[in-house]
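Hi everyone, thanks for coming. I'd like to walk you through one structure today, so have a look at it on the screen while I talk.

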Amino acid sequence: MSKRLYIGNMSYATTEDTLSSLFSAYGEVVSATIIMDRDTGQSKGFGFVELADDAGASKAIAELSGKEVDGRKVRVNYAEEKKPSDRSGFGRDRGERPYRGGGRSFRSGGEY
């Protein structure tokens with residue numbers, strides 16, 4: 001079964017090809033992805049690598065965590081599953097705000 005690894009503290013110059021070739025020494029690389037900022041297109045400094053087997057993933061964590069890649073000491077861990085978002089709307093959860101009344105205000109005496 002494949003294992004997904006988190007790679008943090010990466011240099012902005014690190015590419016997906018660099019990750020793929022680095023981790024290929026530990027087994028078959030299923031995927032290598034660097035997370036990019038959607039506005040600037042620049043790397044956010046972290047990414048994910050999926051290896052085909054557990055043993056290779058464990059060995060990669062042991063040997064690559066703290067290793068310098070493109071001038072930065074990377075952090076390598078097992079990736080955690082993404083938690084589903086329970087937020088609704090924009091900003092904070094609307095269900096947690098206390099009710100403050102609503103409707104229109106007639107401060108100036110005029111009609112709306």
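I'll go through the aromatic rings, then the pocket, the core and a few loose ends.

One thing up front: what you see is a predicted model.

Okay, rings. How many aromatic pairs does the structure hold? There are three. Take Tyr 6 and Phe 48, which pair edge-to-face, with 5.9 Å from centre to centre and 65° between the planes. That pair links distant parts of the chain, since Tyr 6 belongs to strand β1, residues 3-8, while Phe 48 belongs to strand β3, residues 43-51, and the two are 42 residues apart. Both Tyr 6 and Phe 48 are buried.

Phe 48 has another partner, Phe 46. Phe 46 and Phe 48 are again edge-to-face, at 6.1 Å between centres and with 85° between the planes. So Tyr 6, Phe 46 and Phe 48 are linked through ring pairs into a cluster.

Now, are Phe 46 and Phe 48 buried or exposed? Buried here means under 20% relative accessible area. Phe 48 comes in at 16%, so Phe 48 counts as buried. Phe 46 has 24%, which is why Phe 46 goes down as partly exposed.

Next, charges over rings. Look at Phe 48 once more: the charged end of Arg 4 sits over its ring, 4.2 Å from the centre. There's a lysine example too, with Lys 3 lying over the face of Tyr 78, 5.7 Å from the ring centre.

Those four residues come back when we turn to the largest pocket: Lys 3, Arg 4, Phe 48 and Tyr 78 are among the residues that line it. The rest of the lining is Ala 79, Glu 80, Glu 81 and Lys 82. As for volume, this pocket has about 200 Å³. What does the lining divide into? Five charged residues, three nonpolar and no polar ones.

On to the core. The largest nonpolar core has 18 residues. If you want to find the ones with the most contacts inside it, click on Leu 5, Ile 7, Leu 19, Phe 23, Leu 51 and Val 76. Which elements give two or more residues to this core? That would be β1, α1, β2 (29-36), β3 and α2 (54-64). The largest share comes from α2, with four residues.

While we're on α2, Glu 63 is found in that helix too. Glu 63 has a relative accessible area of 43%, so Glu 63 is partly exposed. Computed along the sequence, well, counted along it, Glu 63 and Val 76 are 13 residues apart, and their C-alpha atoms are 9.2 Å apart in space.

Last thing, backbone angles. Two residues to look at here, Asn 9 and Asp 70. Asn 9 has a phi near 60°, which is a positive value in a residue other than glycine. You'll find Asn 9 in the loop between β1 and α1 (16-23), and at 35% relative accessibility Asn 9 is partly exposed. Asp 70 also has a positive phi, near 55°. Where is Asp 70 found? In the loop between β4 (68-69) and β5 (72-73). With a relative accessible area of 42%, Asp 70 is partly exposed as well.

That's what I had, so over to you.

Methods
Residues numbered from 1 in each chain as written. Predicted model: local features only at pLDDT ≥ 70, side-chain atom pairs only at ≥ 80, totals over all residues. Heavy atoms only, no water. Phe/Tyr/Trp six-rings, centres within 6.5 Å; stacked < 30°, edge-to-face > 60°. Buried < 20%, exposed > 50% of the residue type's maximum accessible area, 1.4 Å probe, protein only. Lys NZ or Arg CZ within 6 Å of the ring centre and 35° of its normal. 1 Å grid on protein atoms, 1.4 Å probe; cavity = no way out; pocket = protein on both sides within 12 Å on 5 of 7 lines; lining within 4 Å. Points joined across faces, edges and corners; volume = space filled by probe spheres on them. Nonpolar A, V, L, I, M, F, W, Y, C, P; charged D, E, K, R; others polar. Core = buried A, V, L, I, M, F, W, Y, C linked by side-chain atoms within 4.5 Å.
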